[in-house]
Amino acid sequence: MRIKTINVYKVLLPVKGGIYRMASDDVQSLDSTLVEVVAEEGLTGWGETCPIGPVYQPQHALGARAAIAEIAPGLIGQQVQSIRLLAKRMDERLNGHGYAKAALDIAFLDLLGQQLGVPVSTLLGGALTDRVESYYSLIVGEPDETARIAADKVRAGYPRLQVKIGGRSLEQDVATVRKVWEAVGFNARIAVDGNRGMTVAAAMQLSHLCQSIPFVLEQPCNTMEEIATLKGRVSHPIYLDESTEDQNAVLRAVSMGIADGFGFKVTRLGGLTKMTTVRDICAIRSLPHTCDDAWGGDIIAAACTHLASTVEPRRCEGAWIAQEYIDGHYDGANPIRIVEGHIAVPQRPGLGVKPEPGMFGPAVASYGG
């Protein structure tokens, strides 16, 4: 099965409710890049990458499409059967830019799964469950309102909450953590996410002031070096998120012993194929982690769900998808949905989702013929 055409689409995803607020940025609309890889036999595979604005990570939507323009022409005519060979071909065309290559990697796996008649989870080593946990992300907000939403989401079935803090006074952050704990207690696992917005001193103070509350402290500071100085000086486990920019960064964090877990993003790490490597590293060291992405619709949501299903449940901290913050689905017949805080793993071949024909309008770029 050879690649005949690669089509690229731009899709704007407005944030439902107006603003998604983090320590580093406020976003109101996300620019998602979708790739459609068409095989000579007529099968199509889909991939997606959707950076959450240009400052959350060193990634942005225009960069994704520019990178694909460098890579795609060299993939026309290539066989799809060897995902590793396709990865090599992409690296030969462009150094780095894993978040752009990830969209293509996902599309290749979607194609191969359809050809072989198996879901993508099978290609990633095999699902261990047919239903994965999700978690709800509480944006930076007033303490009382954040606690109210937290209680509502626990009643809705979410087993884990991510509470975003930072970019404001320590007093407000501490009050938010305390009120969320009072509202939900042990009914949900809690991650307190600084999104790189805290100083080392503030992270230490927050941990000590909330010492009796069980939570994991996610990416409180900007750099891995800053986070390394927190080891042994805080009362809570520390998870890395934004610092894990590639596989080498994950290896470095594990070897330094500064991460008690991770918040992984599929596209940031270069796609599903590379994510299986860090998944297995975490299994060796018994490190829990999420299987997320920054944003996007049904395509990236399906990819995250397939991956999460292959992680041993006791180490899987859930798959975050943007469904709660966007309207509609790419595939109305087989949408990826959160039901009672969990996501059903697609059982159809490939990703198990197909965008409705023509819904994205004309391609912004096409390669091959």
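Modeller: Contact means heavy atoms within 4.5 Å, while helices (H or I, at least four residues) and strands (E, at least two) are DSSP runs, numbered from the N terminus. With those terms in hand, welcome! This is a predicted model: local features need pLDDT of at least 70, side-chain atom pairs count only at pLDDT 80 or more, and totals for chains, interfaces and linings use all residues. Residues are numbered from 1 along each chain as its sequence is written, and side-chain values use heavy atoms, with hydrogens and water left out.

Colleague: Thank you. Which elements do the buried residues of H2 pack against?

Modeller: They pack against strand S1 (3–14) and three helices: H1 (61–71), H3 (98–116) and H10 (272–285). The buried residues of helix H2 (residues 83–93) are Ile-83, Leu-86 and Met-90.

Colleague: What puts them on the same side of H2?

Modeller: The arc, taken from the directions from the helix axis to the C-beta atoms, is only 60° around the axis for these residues, so they lie on the same side of H2.

Colleague: Why is Arg-196 called partly exposed?

Modeller: Buried means under 20% relative accessible area and exposed over 50%, with partly exposed in between (1.4 Å probe, protein chains only). Arg-196 has 22% relative accessibility, so it counts as partly exposed. You will find Arg-196 in the loop between strand S9 (189–193) and helix H7 (200–209). Its phi is near 70°, a positive value in a residue other than glycine.

Colleague: And Glu-340: how do you know whether it is buried or exposed?

Modeller: Glu-340 has a relative accessible area of 55%, so it is exposed. Its phi is also positive, about 55°, although Glu-340 is not a glycine. This residue sits in the loop between strand S14 (338–339) and strand S15 (342–344).

Colleague: What makes S14 and S15 a pair?

Modeller: Two strands pair if DSSP finds at least two bridges between them. S14 and S15 are joined by 2 bridges and run antiparallel. In that pair, Ile-338 stands opposite Ile-343 in S15.

Colleague: Where do these strands stand in their sheet?

Modeller: They belong to an open sheet of 3 strands in the order S6-S15-S14, with antiparallel pairing.

Colleague: What makes S14 an edge strand?

Modeller: S14 pairs on one side only, and so does strand S6 (131–133); these are the edge strands.

Colleague: Why is His-342 called buried?

Modeller: Its relative accessibility is 15%, so His-342 counts as buried. His-342 is in strand S15. Leaving aside neighbours within four places in sequence, its contacts are Arg-131, Val-132, Glu-133, Ser-134, Gly-157, Pro-159 and Arg-337. Between His-342 and Glu-133 there are 4.5 Å in space, C-alpha to C-alpha, although they are 209 residues apart in sequence.

Colleague: How do you know that strand S4 is mostly covered?

Modeller: Strand S4 (residues 29–39) has 11 residues, and 10 of them are buried. S4 is joined to S1 by 11 bridges, and the two run antiparallel; there Leu-13 stands opposite Leu-30 in S4. With strand S5 (residues 44–49), S4 shares 6 bridges, again antiparallel, and Val-35 stands opposite Gly-47 in S5.

Colleague: How many residues lie between S4 and S5 in their hairpin?

Modeller: There are 4 residues between them, and Gly-42 in the turn has a positive phi of about 105°.

Colleague: Let us turn to the empty spaces. What makes a space a cavity, and what makes it a pocket?

Modeller: On a 1 Å grid over the protein atoms alone, a cavity is a set of points where a 1.4 Å probe fits but cannot get out, whereas a pocket is an open set with protein on both sides within 12 Å along at least five of seven lines; lining residues have an atom within 4 Å of a point. Grid points are joined across faces, edges and corners, and a volume is the space filled by probe spheres set on the points. The largest pocket holds about 350 Å³. Of its 18 lining residues, Gly-96, Gly-98, Glu-245, Asp-246 and Arg-268 lie nearest its centre. H3 gives the most to this lining, with 3 residues.

Colleague: How many cavities of 30 Å³ or more are there?

Modeller: The search of the whole structure finds 4. The largest cavity has about 130 Å³ of space. It is lined by 17 residues, and Tyr-20, Tyr-56, Lys-164, Lys-265 and Ala-294 are the closest to its centre.
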